[in-house]
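Hi,

Here is the structure I promised to pass on. Have a look at it first, and my notes follow underneath.

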Amino acid sequence: MRVLRVHGPTQVQFWFIAAAIGVAAGFAALGFRLGIDALQGALYGVEDPHRLHSFAETVHWAWILLIPACGGLVVGLVLHRFTPDARVRSVADVIEGAALNEGRVEVKAGIASALASLITLSSGGSTGREGPVVHMAGVVATWVSNRIHADGITGRDLLGCAVAAAVSASFNAPIAGTLFALEVVLRHFAVHAFAPITVAAVAGTVINRLEFGGVPEFTLPQDDRLAFYGELPAFLLLGLVCGLVAVILMRSIFWAEGIGDAVQRKTRMPRWLRPAVSGLGLGAMAIWFPHIIGVGYETTSAALTGTLIFHEAVVFCLLKCVAVSLTMAGRMGGGVFSPSLMVGALTGLAFGYVATAAFPNVSGAETLYALAGMGAVAAAVLGAPISTTMIVFEMTGDWQTGLAVMVAVSLSTALASRLVNRSFFLTQLERRGKRLAAGPQSYLLAAFTAGVLMRAKDSAGAPSEAACAELIGQGVMFEADATLVEALPVFEKWGHGFVPVVARPADGGEPALMGALFHVDALRAYSRALAMTAAEEHS
C-alpha cells in the first residue's frame, strides 16, 4: 500500500484495483436494490416489487397517502442532518467530480444521499435507482483514490470503473455500463481507460448474475419485427416526438424545483419538511393512480407488451411526468433514468397505436414503437445515445430491432440537446453555475482562482505595493475567490499585466492586499490544463 501511495499503481496493478472496485461497486448496487425490495415489502406488504402498483390497488387508501409522506419526512431529516444543503447527490455530482475534482465526490453527503434515496424509492417516490447507485459507486472510488493518493487521471479512471460496475450490476448490462462511464461521466473514450473500465463492468455484472441470473429486466413479445423498411420514416418521426417529450420532462422537473424553492422561501418552510410535503402530494395522486409510485417496472413492462390501450398510455405518461417532477421538486432522491424509460415506453406505445392505425399495410407491432420510444426518451434525457441504445438492448434481450431504436434515438438526442444544455445532468450543473456542457475550454476557466494563481505580495516577482495601491484606487482588483472566468475579461478590458488580489474584511472596511494575479500566469495555467486534458482524452 505504501508503494501505491508514493509511486501510484502500475498498469497490471491498476487492473486488479479496477476489478476490486468493480466487485465493491457491484455489491453496493446489489445491496441497494435488495434493500429497496426488502423495505418496500415491509412498508407495502408486496412480495414482488415489479408488481407494486397492482398490489397498491388493494391497499387501504390511507396507507397509500401516508407511506410516501412519512418516507419524505425521514428523507428530509436525514438530508438536513448530514448534508450542508439538504440536497441529494446524484449523477450530476459525479460528472462534476470527474471534471473538476480529480475524480472525487463528497463521501459523507453521498452516503446520506444513498440512504435518502433508498427510503424514497421504498416508500413510493417516483424516481429511479441509477442516480444514487452511480453516486454510491463514486463514493467507493473516492475512498480508494484517497487511500492511494491518486492523481487526477487515475482518480477519474477509478471513478469510471466504479460507475461502470454499478450500472452494469444494477441493470445486468455490462456493455452499456462500460459505455455509460465513458460517455456520460468521463465524457471521452480514451483507450487507456477502456480496459480497466471494462474489467470493472464485467466484475459488477457477475455480482448481479450470481443473484438474479442472466435474465433481462423486461420480456418482450416474440413478433416485434419491422414489417417493412418503409416503416423506418415513422421511427424518424417518433424520434422527434420523443425528443420533445424528453425536453418537456426535463423542463417540468426544473420548473417544479423552482416552484418548490419559491414556496419554501415564501412560507419559510423548514428544509427538512419539504420532502414530506412532496411525499404527501405523491400519496394523494397514487390513491387514484398507483402506477406513478416507485420505479415503474410493471407499467413499463405493460407498455412493452402492449397490454395498455391508447388513452391509458397517454394518461400514465402525463401523470408520470408530474409525479417525477413532484418527487424531484421535494428533493426526495432517486434518478431520472428509470422514469425516462417508462415515459418513453408509454410515448412510443401511444405513437405506435396511431402509426399502425394510419398505415396498417406497412406497420409492425405497436410494441416495437414502445421499445424504440423507451430508448429515445432515455437517450435524450441522459444525453447518451450510445450507452442508452445498448442498455435498452441488454435490458430487453432484443437485438433484432436495432435499426428502429437507433433511428429514434439519434433524432431524439439531436433535437433535445439543442433545447437544453446537452442533457438533464449537464443542465443541472449549468443551473448551479458549473458550465461543463460547453467543454473543457469553458469549465477549466472556473477551476482556477486568483488566490491560487497569484504571486503573494512579499514573494519574488510580485509588483510593488504602491503599484497595486494605484490600481486598487481605480477599482481594478480581484478577490481571492475570483475565477479566470471573471479575471481574463478584466485583463482584456484594461490591458494591465497584473491585477491586485485583495481580501475584503467582514465589517466592510478597506480591502487588504494579498498579492497580484499576472495575466501571463493565468494564461499559462489555463494553457497547461487544456494540454493535460487533451493528452488524457487522446491517450
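A residue counts as buried when its relative accessible area is under 20%. Cysteine 161, at 0%, is therefore buried. Please keep in mind that this is a predicted model.

On to the other cysteines. Searching the whole structure turns up zero disulfides. Cysteine 242 is in none, and the nearest cysteine sulfur, that of cysteine 317, lies 9.0 Å away. Like many things you may want to look up in the viewer, cysteine 242 has its own accessibility value: a relative accessible area of 0%, so cysteine 242 is buried.

Cysteine 317 also brings us to a helix pair, since Cys317 is among the H14 residues that meet H15. Helix H14 covers residues 310-329 and helix H15 residues 337-358; their axes come within 9 Å and cross at roughly 155°. H14 and H15 are therefore roughly antiparallel to each other, and H14 passes H15 in a left-handed crossing. On the H14 side the contact includes Phe310, Phe316 and Val324, and on the H15 side Met342, Leu346 and Tyr353. By class, that contact has 15 nonpolar, one polar and one charged residues.

How do H16 and H17 pack? Helix H16 (residues 366-382) and helix H17 (residues 385-396) have axes 9 Å apart, at an angle of about 145°. The crossing of H16 and H17 is right-handed. Residues in contact include Leu371, Met374 and Gly375 of H16, together with Pro385 and Val392 of H17. The contact of H16 with H17 has seven nonpolar, three polar and no charged residues.

Best wishes

Technical notes
Residues numbered from 1 in each chain as written. Predicted model: local features only at pLDDT ≥ 70, side-chain atom pairs only at ≥ 80, totals over all residues. Heavy atoms only, no water. Disulfide = S-S within 2.5 Å. Buried < 20%, exposed > 50% of the residue type's maximum accessible area, 1.4 Å probe, protein only. Axes fitted to C-alpha atoms, helices over the stretch in contact; angles between N-to-C directions. Helix = DSSP H or I, 4+ residues; strand = E, 2+ residues; numbered from the N terminus. Parallel < 35°, antiparallel > 145°, perpendicular 65-115°, else oblique. Left-handed = near helix turned anticlockwise from the far one by under 90°. Contact = heavy atoms within 4.5 Å. Nonpolar A, V, L, I, M, F, W, Y, C, P; charged D, E, K, R; others polar.
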